[in-house]
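Work through the exercises below with the sequence and the model at hand. Each task is followed by a stepwise solution.

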Amino acid sequence: NSKNANRDIFINIHAGGDQGPVVALLFHVPPSYPSCPPQISVSSTALSKSQCQNIRKKLLERAAALPPQPMIHQLVQDFQQQYVQMMKESRDSVKEVHHEDLDHWVSVLLLDHIRSENRYVGRLRRWCQQLQITGTLLLGRTILVVLLGARADIKVLCLKTEKVDVDSSGKKCKDED
């Protein structure tokens, strides 16, 4: 009866070499292996779920294309090559995004307090309109300002030193770091 049971082969591998993240490859080997390719699971805390699913899909396609002979070693080698290619493509796509959209930035500012909310919100709204920046103020325990726009304009807004708020005695004060 043990001849008919699936076997699992679990391999932890450093993707892309000794310095790469650890990726777990689990091969569910059916009793008819190597006539039938193994099922494959891929997991890693260093890779996203979609990256793991993409690797799994490519390994399953590769396993189906290989002749019916022992293939796990070949699949592990293919995984290493896939990982290197995936990282290269990822770096290339990041470079392309920065090249095409170099001037757009998202900036998140953490404010320690707002005592005069109406004045602060009005001033922030006016600055965003003047600089053509999209701004969102998130009020709660933590006060955040999320800004989206041209890098130079966001810098201008962040460097403003006008009296925006009031201090604890009610006197106008500058917003400073």
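R62 is partly exposed, at a relative accessible area of 31%; buried means under 20%, exposed over 50% and partly exposed in between, with a 1.4 Å probe and protein chains only. The model is predicted, so local features need pLDDT of at least 70 and side-chain atom pairs pLDDT 80 or more, while totals for chains, interfaces and linings use all residues. Residues are numbered from 1 along each chain as its sequence is written, and side-chain values use heavy atoms, without hydrogens and water.

**Exercise 1.** Find the residue that meets R62 in a salt bridge, and state which helices the pair ties together.

Solution. Step 1: apply the criterion, a side-chain nitrogen of Lys or Arg within 4 Å of a carboxyl oxygen of Asp or Glu. Step 2: the partner of R62 is D78, with an N to O distance of 2.5 Å. Step 3: R62 belongs to helix 1 and D78 to helix 2 (residues 72-100), so the salt bridge links parts 16 residues apart in sequence. Helices here are DSSP runs of H or I with at least four residues, strands are runs of E with at least two, and both are numbered from the N terminus. Step 4: D78 is buried, its relative accessible area being 8%.

**Exercise 2.** How many salt bridges does the rule give, and where does the pair K57 and E61 lie?

Solution. Step 1: the count is two salt bridges. Step 2: K57 pairs with E61, their closest N and O atoms lying 4.0 Å apart. Step 3: both residues sit in helix 1 (residues 49-65), four residues apart, or about one turn of the helix. Step 4: E61 is partly exposed, with 46% relative accessibility.

**Exercise 3.** Describe the environment of Q82.

Solution. Step 1: Q82 is part of helix 2. Step 2: its relative accessible area of 16% makes Q82 buried. Step 3: leaving out residues up to four places away in sequence, Q82 touches I55, K58 and L59, where contact means heavy atoms within 4.5 Å.

**Exercise 4.** Are helix 3 and helix 4 roughly parallel or roughly antiparallel, and which residues meet?

Solution. Step 1: the axes of helix 3 (residues 117-131) and helix 4 (residues 151-158) come within 10 Å and cross at roughly 150 degrees. Step 2: helix 3 is therefore roughly antiparallel to helix 4, a label for angles over 145 degrees. Step 3: on the helix 3 side the contact uses L124, W127, C128 and L131, and on the helix 4 side D153, V156 and L157. Step 4: by class, this contact has six nonpolar, no polar and one charged residues; Ala, Val, Leu, Ile, Met, Phe, Trp, Tyr, Cys and Pro count as nonpolar, Asp, Glu, Lys and Arg as charged, and the others, Gly among them, as polar.

**Exercise 5.** Locate the cis peptide bond and the non-glycine residue with a positive phi.

Solution. Step 1: the cis peptide bond joins Y33 and P34, with omega about 10 degrees. Step 2: P34 is in the loop between strand 2 (22-29) and strand 3 (39-43). Step 3: Q132 has a positive phi of about 55 degrees and is not a glycine. Step 4: Q132 is placed in the loop between helix 3 and strand 5 (134-138), and is exposed at 69% relative accessible area.

**Exercise 6.** Give the order of the elements along the chain.

Solution. Step 1: the chain has four helices and eight strands. Step 2: from the N terminus the order is β-β-β-α-α-β-α-β-β-α-β-β.

Notes:
Axes are lines fitted to C-alpha atoms, for helices over the stretch in contact, and angles run from 0 to 180 degrees between N-to-C directions. Angles under 35 degrees count as roughly parallel, over 145 as roughly antiparallel, 65 to 115 as roughly perpendicular and the rest as oblique.
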